[in-house]
Amino acid sequence: MKKIVAILIFATLIFSCTEKESSHKYTSVAIQTVFEDSVSIRAIAFLDANTLALAGSNGVYGTVAVNSGTVRTSQMKYHTSIPEFRAVSHTATDFFMLSAGNPALLYKTGDNGRMDLVYKEEGEGVFYDSMKFWNDREGIAVGDTMDGCLSVIITRNGGQSWKKLSCDKLPVAKAGEGAFAASNTNIEIVGDHIWIATTESRIFYSPDMGNTWQVYEAPIVNKQPTQGIYSIDFYDSELGIAFGGDYTKPEDPRNNKAITSDGGQTWKILADGNRPGYKSCVQFIPNSGGEDIVAVGFTGISYSSDMGDSWKELSEEGFYTLRFLNDSVAYAAGKNRISRLTFRTE
């Protein structure tokens with residue numbers, strides 16, 4: 001009996017080892033354009049395994065069907081103006097899109113396929129940057145500083161209504177502090193946790209869905225208005241990466257990427273002085289144990305297989321943002337297009 005138990009334990013250990021996540025060791029990427037139009041797209045999200053939602057400039061929003069490639073788009077107008085969308089998110093039943101600038105307009109899927117305006121904010125300095133949901137009931141959107149704190153609106157009823165947090169509920173912001181509306185990735189959520197990366201290279205962190213907050217410092221360059229953290233991603237509640245730099249000096253690779261292994265409390269600069277430079281979006285590749293990371297910007301696509309210690313340039317084709325469908329396929333959006341990216345090992 002003891003021998004049988006020992007064999008079973010050994011077999012379990014062997015199986016566990018073979019199932020352990022690790023780098024996919026990609027060497028190339030194939031790029032297939034699936035949508036082209038005269039629109040700048042900085043916000044995309046998978047609604048499900050077959051539907052990619054988008055929203056961008058010129059009031060354009062719509063979907064791309066992953067299996068068929070069918071694209072459906074519409075244009076949103078607000079009175080005589082046309083909003084520019086920089087943030088999207090979704091629940092199991094609804095799609096949301098949020099405009100940048102004044103007025104801020106937040107739309108939610110309504111009846112008969114139309115989009116309903118569920119939140120509007122007007123005033124000098126209004127500028128929202130990104131949006132994400134914890135679950136089907138609770139979501140958050142973040143904007144630049146007003147009245148001494150970041151602009152934070154939260155829904156607790158599935159996006160039917162949104163309420164702006166008062167500054168006494170939030171940490172004091174630095175003068176001019178905000179977030180870059182570059183890729184809808186300066187917010188990250190894991191479970192009840194949320195991290196917000198700012199232009200001042202600070203991380204606003206809440207462990208309880210935005211009820212309490214604290215601030216951590218990251219060592220990414222932030223001395224100029226065009227510098228700071230542009231994008232963050234977390235593989236789990238401990239392992240995270242921040243990416244940024246200066247889009248006016250995109251080749252400068254100094255102090256523009258950092259990693260944390262303690263939930264954002266402390267950060268370590270990665271590959272300092274080595275490419276890549278500025279990127280607007282960074283994402284962990286699924287099922288890689290946190291070892292595989294992709295960063296995109298208008299300068300191209302970069303890949304790391306060792307948690308950001310070293311990087312290789314896979315393509316010079318530029319994009320603003322990307323999201324992974326699975327551990328080998330992602331969709332990326334940028335100027336005038338959305339493309340399907342297939343990562344390969346040959």
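Strands here are DSSP runs of E at least two residues long, numbered from the N terminus. The legends below all show a predicted model.

**View 1. Seven strands share the lining of the largest pocket.** Strand 1 (28-48), strand 5 (84-90), strand 9 (128-133), strand 13, strand 17 (227-234), strand 21 (281-284) and strand 25 each put at least two residues into the lining. The space inside the largest pocket comes to about 610 Å³. Its lining counts 23 residues, and K132, E188, D233, Q283 and R323 are the ones closest to the centre.

**View 2. The largest nonpolar core draws on four strands with at least two residues apiece.** This core is built from 16 residues. Look for V294, V296, I301, L322, F324, L341 and F343, which have the most contacts inside it. The strands in question are strand 22 (293-297), strand 23 (300-304), strand 25 (321-324) and strand 26 (329-344). Which strand gives the most to this core? That would be strand 26, with 4 residues. Another core, of 15 residues, sits apart from this one, and V142, V152, F204 and M209 are among its members. As a rule, nonpolar side chains in soluble globular proteins tend to be buried together.

**View 3. C149 and C167 pair up in a disulfide.** The structure has just 1 disulfide, and here the two sulfur atoms lie 2.1 Å apart. The bridge joins distant parts of the chain, 18 residues apart: C149 belongs to strand 11 (residues 149-155), while C167 is in the loop between strand 12 (163-164) and strand 13 (187-190). The disulfide is left-handed because the torsion about its S-S bond is about -75 degrees. Are the two partners buried or exposed? C149 has 3% relative accessibility, so C149 counts as buried. C167, at 29%, falls in the partly exposed class, since that class runs between the 20% and 50% limits.

**View 4. T260 is a buried threonine in a strand.** The residue belongs to strand 19 (residues 257-260). With a relative accessible area of 2%, T260 is buried, because the cut-off for that label is under 20%. What does the side chain of T260 reach? It gets to the backbone oxygen of T266, at 2.8 Å. Leaving aside residues up to four places away in sequence, T260 touches F234, E238, L239, G240, Q265, T266 and W267.

**View 5. C281 is a buried cysteine.** The relative accessible area of C281 is 0%, so this residue counts as buried.

Notes. Residues numbered from 1 in each chain as written. Predicted model: local features only at pLDDT ≥ 70, side-chain atom pairs only at ≥ 80, totals over all residues. Heavy atoms only, no water. Core = buried A, V, L, I, M, F, W, Y, C linked by side-chain atoms within 4.5 Å. Buried < 20%, exposed > 50% of the residue type's maximum accessible area, 1.4 Å probe, protein only. Disulfide = S-S within 2.5 Å. Polar contact = N/O pair within 3.5 Å; in protein donor to acceptor, adjacent residues only side chain to side chain. Contact = heavy atoms within 4.5 Å. 1 Å grid on protein atoms, 1.4 Å probe; cavity = no way out; pocket = protein on both sides within 12 Å on 5 of 7 lines; lining within 4 Å. Points joined across faces, edges and corners; volume = space filled by probe spheres on them.
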